[in-house]
Amino acid sequence: MVCGILSFSSALSPISISHYRNRTAPKLKTDLSSSVILGIRCSSSSSDVPQTFEKSENDAAMTGGAFDFTRATTSLTDNKSIASSKKVTLVRHGLSSWNEESRVQGSSNQSVLTKTGVMQAERCREAIANMHFDQCYSSPISRAKSTAEIIWQGREEPLVFLDSLKEAHLFFLEGMKNEDAKQRYPKEYATWREDPANFYVNGIYPVRELWGTAREAWKEILLTPGEHVLVITHKSILRALICTALGLGPERFRAIDVNNGGISVFNFNKKGEAMIQSLNMTAHMYSDHVYLY
């Protein structure tokens with residue numbers, strides 16, 4: 001039986017590592033046209049006949065998953081109980097015009113989704129097509145908003161736009177090409193790239209403020225009824241959301257990377273404590289048939 005596929009990303013390329021029981025793992029395939037299945041899904045000894053694995057009370061014992069994660073992290077709801085345990089799926093917007101041009105984006109609304117970005121959003125929509133979501137939250141900034149509208153197309157519930165999901169404001173760097181910003185503002189740009197938690201303008205520390213904004217977003221998302229929600233936003237705020245969920249400070253800003261269209265998943269218990277399930281899954285960017293469950 002094949003159970004539990006875990007996805008990783010490296011600096012070289014995204015890969016998938018499969019865990020097998022009672023059989024020898026085959027060589028990794030490089031044929032990107034083949035289907036890839038991510039999430040909790042099992043099959044019989046024949047890989048040609050997949051069978052969805054239905055959760056039960058013995059799920060953790062059968063899959064090797066955690067029985068509990070109480071006090072694994074700090075409560076993101078200030079110890080306010082939520083109605084039920086919750087799953088949150090995080091998605092970064094598709095490739096934007098300023099991504100393509102290597103410009104600093106920040107909170108600017110002038111960077112828009114490219115044709116490649118639209119394709120990436122469509123791949124995300126296909127990857128999560130079989131997943132039920134009670135709600136979708138998005139940044140109102142254009143590139144994230146357009147991504148959300150593509151991914152959420154055909155769903156009944158309306159999109160909810162949260163200001164707390166906006167990207168960090170980077171002042172005079174926004175709109176500049178990275179190479180130009182490096183030459184014109186060498187000291188400030190070096191701090192932004194090498195020590196972002198200490199990057200400041202007129203006494204304002206954007207990354208530190210982003211940590212507070214991320215906590216506000218988590219409270220709003222977690223305290224709203226629903227067992228599974230989708231969140232679509234930007235790289236820096238995603239870094240802050242992921243780090244605050246794991247109890248990491250702003251000095252760890254660059255310890256997390258999220259690609260365009262990358263999908264991350266968190267589970268939360270009723271105390272608002274987090275456990276990360278998946279980080280920056282990108283296999284759906286490289287294959288036409290990748291489904292998350």
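**Figure 1. Glu-149 is partly exposed in this predicted model, with a relative accessible area of 38%.** The side chain of Glu-149 forms a salt bridge with that of Lys-145, at an N to O distance of 2.7 Å. Both residues belong to helix 4 (residues 142–151), where a spacing of 4 residues separates them by about one helical turn. Lys-145 is likewise partly exposed, its relative accessible area being 31%. Side chains of opposite charge can pair when their charged atoms come close.

**Figure 2. Helix 7 (residues 206–222) buries a set of residues that includes Trp-211 and Trp-218.** The other buried positions of helix 7 are Pro-206, Val-207, Leu-210, Ala-214, Ala-217, Ile-221 and Leu-222. Viewed down the helix axis, the buried residues fall within an arc of 145°, and they therefore line one face of helix 7. The elements covering these residues include strand 6 (86–92), strand 7 (135–138) and helix 6 (186–194). Strand 9 (228–233), helix 8 (235–246) and strand 10 (263–268) are also among the covering elements. The end C-alpha atoms of helix 7 lie 24 Å apart, in agreement with the 24 Å span expected for its 17 residues at 1.5 Å a residue.

**Figure 3. A salt bridge pairs Asp-78 with Lys-219.** The closest N and O atoms of the two residues are 2.6 Å apart. Asp-78 is placed in the loop between helix 1 (59–63) and strand 6, whereas Lys-219 belongs to helix 7, so the pair ties together parts that are 141 residues apart in sequence. Lys-219 is partly exposed, with a relative accessible area of 32%. The loop that holds Asp-78 also contains Asn-79. Asn-79 has a phi near 65°, a positive value in a residue other than glycine. Asn-79 is exposed, at a relative accessible area of 63%.

**Figure 4. Further salt bridges involve Asp-163 with Lys-166, and a network of Lys-235, Arg-239 and Asp-257.** The side chains of Asp-163 and Lys-166 meet at an N to O distance of 3.7 Å. Asp-163 counts as exposed at 55% relative accessibility, while Lys-166 is partly exposed at 33%. Lys-235, Arg-239 and Asp-257 are linked to one another through a network of salt bridges. The count for the model comes to 6 salt bridges.

**Figure 5. Leu-246, Leu-248, Ile-276 and Leu-279 make a nonpolar surface patch.** The patch has an area of about 250 Å². Leu-248 is located in the loop between helix 8 and strand 10. The relative accessible area of Leu-248 is 31%, and this residue is partly exposed.

**Figure 6. Asn-280 adopts a positive phi, near 50°, as a residue other than glycine.** Most residues other than glycine have a negative phi. Asn-280 is part of strand 11 (residues 274–281). At 4% relative accessibility, Asn-280 counts as buried.

**Figure 7. The surroundings of these views are a protein with 8 helices and 12 strands.** Of its 293 residues, 46% are buried. Among contacts between residues at least 6 apart in sequence, 68% join residues at least 24 apart. The protein exposes about 15400 Å², of which carbon and sulfur atoms supply 48%.

Terms used: Residues are numbered from 1 along each chain as its sequence is written. This is a predicted model: local features need pLDDT of at least 70, side-chain atom pairs count only at pLDDT 80 or more; totals for chains, interfaces and linings use all residues. Side-chain values use heavy atoms; hydrogens and water are left out. Helices (H or I, at least four residues) and strands (E, at least two) are DSSP runs, numbered from the N terminus. Buried means under 20% relative accessible area, exposed over 50%, partly exposed in between (1.4 Å probe, protein chains only). Contact means heavy atoms within 4.5 Å. Accessible areas come from the Shrake-Rupley method with a 1.4 Å probe; for residues, only the protein chains shown count as cover. The expected span of a helix is 1.5 Å times one less than its number of residues. The arc is that of the directions from the helix axis to the C-beta atoms. A salt bridge is a side-chain nitrogen of Lys or Arg within 4 Å of a carboxyl oxygen of Asp or Glu. Patches are made of residues with over 30% relative accessible area and no salt bridge: like charges are joined within 9 Å, nonpolar side chains (Val, Leu, Ile, Met, Phe, Trp, Tyr) within 5 Å.
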